[in-house]
Amino acid sequence: MWGGLTNALNTATTSLATNAGLQAVVARNVSNAQNKTGYVSAKVANVVTVYGGAGVIQSVRNLTSASLFNAMLSGTSSSAAAQALSDGVTLLQKTAADATTTTDSTTAAQSPSTLLQALTSALQTYSSSPSNASAAAAVVTAADRLVNGLNDATTVTQNVRKTADQNMATSVGTINTLLTQFQSVNSVIVQGTASGADITDALDERDTILQSLSKEIGITTVGNSNGSMSIYTDSGVTLFETTPRDVSMQATTAYSASTTGAAVYVDGVPVTGANAVMPIQSGALAGYAQLRDTIAPTYQSQLDALAGGLINAFAETNQSTGGQLAGLFTYSGGPALPGSTAIPGLAGDISVSTAVDPAQGGSYNLIRDGGINGAAYVQNTTGASGYNAALLADITAISASQTFPSGTALSTANSVKTYASESASWLNAQYQTTSNDATYQATLLSQASQALSNATGVNIDSQMSMMLEYENSYQASAKLISTINNMFGALLQAVS
C-alpha cells in the first residue's frame, strides 16, 4: 500500500513539474511573438516518458521548415530587387510619359516625344505664315522647350544612377554589418550545440539576420554538422564560411553619361558590372546595379541619339559646296554634325542656336531663310517674306529616315519623330514590366511568409488553447497530490 501511494505521488509530482514547464514554453512563445522583431519560430517541448509512466521535458526545440524558410528568403531577395528597380524606373518614366499614357499635364510637358510634336506644330504654323514674327517666336520657344526637356531628362537619368550608386554603397555597408552579427550568433550556436545549452533564441536571431541579409543580396545557406552555417550569394560566391568575407565597393560621387559605376566585390570577386563572372541575381543590391548599369544608361543613350538626330535633321546646307553644319540645334562640338556617331551626354549638351534668338543678338528670320552659319547657307537669297521652303524641309526632315547610333535597344534606321516615340514606348514598357514584377514578387513574398508562419510561427490562439489545457492538467495533478497526501494521513492515523 505504501509503495503504491509513493509511486503515485512521484508520478503526480513529475506530471506537475512537466506541466509547469510546458506552461513556461507557451508563455515564452507568446512573449517572443509580441516583443521580438524579425523571424520567430514556435518553441516545442520534447516530452519523453520515464519509469512509472510520467512524462518529463527532455529538451526544447524550434519548430522549423527548411524548405519554407528558404522560400521566404528567396522571396525576400526577389521582391527587394524588383522594388529597387521599379522605384528607379518610375522616376525615369516621368521624363518619357506622353499625353496618351498619363493624365499628369506637367509630366506630359516634359516628354521629348510630346515636345517634338509641339515643335512640329509650331513649324507648320510658321510655314503657313512665314512673315509672322509671332509664329517664328513660337518655333524658337518650342525648340527651347524641347532642348530643356532633353537636358532635364539627362539630369534626371544621371541623378537616378547616382542615387542607385549611393544605395548600393549603403547596401554593401549593411551586408558587412549583418555578416559580422551573423558570425557572433553563429559562434553562440556552435558552442551551445557542443555543450547542450538552449540555443533556440540564438537560432531565431540567426534566422532574423538571414532574412535581413536576403533583402540586400540573394543568398543560399548550407548547414554544418556542428550547428554552424555557411552563406553563399545566389550566384555561388562565398559570403560566410567560418568568417565573413569582405564585401566592398568604391562609391562614385558624380555621374555623367560617360561614367561607369564601380563594381561590387565579394572577397575580390566582382559580382556586379560588365566584368562579373558570377553576377548576383536578386536582392536590392542587384536591383540597384541593374538600374545604374543597364536600364538608365540605355535610356540615356536613346536621349543622346535623339539629340543627335535633331541636330542632323535641322542641319543647314552650304548652297555652293553642299556641305552641312548644325542649324537650329547645336552642341559644344558644333557646328560639325554628330551624324550617326554616339556622343555620350549629347542630350544634356544640345542647345538652340543663339543666331535665332533676338535676345542674344540673333534673328527669327534665319529659321525661315537659312544663314545661321553665314551667307553661304542662306536659301532665301531675295529675302521674300512668303518664302517657306526651308520650313517645309525641316518638317519633312523630322519624319525622314536617318541612321542612329547602335546599342540603344532601338532601330538604327529611323526618323526623329518615330525614334522619340519608340524611346518613350520602350521606357513605358520598362515601367510596366518592373512595376508589375514588383507587385508580383511582393505577393509571392507575402504568400511564402504566411506559409512559413502557419507552419512554424507562433499562433497566439493555439498557444492560449494549449495553455488552458496545461493549466487543467496542472490542476488535476495538484488535486491528485492532495488526495494522495490525505490517503497518507489516513494510513498514518490507522497505524497509530
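Contact here means heavy atoms within 4.5 Å. With that in hand, let's walk through this structure, which is a predicted model: local features need pLDDT of at least 70, side-chain atom pairs count only at pLDDT 80 or more, and totals for chains, interfaces and linings use all residues. Residues are numbered from 1 along each chain as its sequence is written, and side-chain values use heavy atoms, with hydrogens and water left out.

A good place to begin is the largest nonpolar core, which holds 95 residues. Such a core is a set of buried Ala, Val, Leu, Ile, Met, Phe, Trp, Tyr and Cys residues joined through side-chain atoms within 4.5 Å, where buried means under 20% relative accessible area (1.4 Å probe, protein chains only). Leu119, Ile231, Leu310, Phe314 and Phe329 touch the most other members. Helix H5 (residues 133-195) gives this core its largest share, 20 residues. Helices (H or I, at least four residues) and strands (E, at least two) are DSSP runs, numbered from the N terminus.

Here are the contacts of three residues, leaving aside neighbours within four places in sequence:

| Residue | In contact with |
|---|---|
| Phe329 | Leu119, Ala143, Leu146, Val147, Leu310, Ile311, Phe314, Ile350, Ser351, Val352 |
| Ala326 | Ile311, Pro335, Leu337, Asn373 |
| Thr259 | Arg161, Thr252, Ala254 |

Ala326 sits in the loop between strands E11 (324-325) and E12 (329-330). Ala326 counts as buried because its relative accessibility is 3%. Its C-alpha atom is 8.9 Å from that of Ala313, 13 residues away along the chain.

Thr259 belongs to another loop, between strand E7 (247-249) and strand E8 (264-266). The Thr259 side chain reaches the backbone nitrogen of Ser256 at 3.0 Å.

Conventions. Buried means under 20% relative accessible area, exposed over 50%, partly exposed in between (1.4 Å probe, protein chains only). A polar contact is a pair of N or O atoms within 3.5 Å; within protein, one must be able to donate a hydrogen and the other to accept it, and residues adjacent in sequence count only if both atoms are side-chain atoms.
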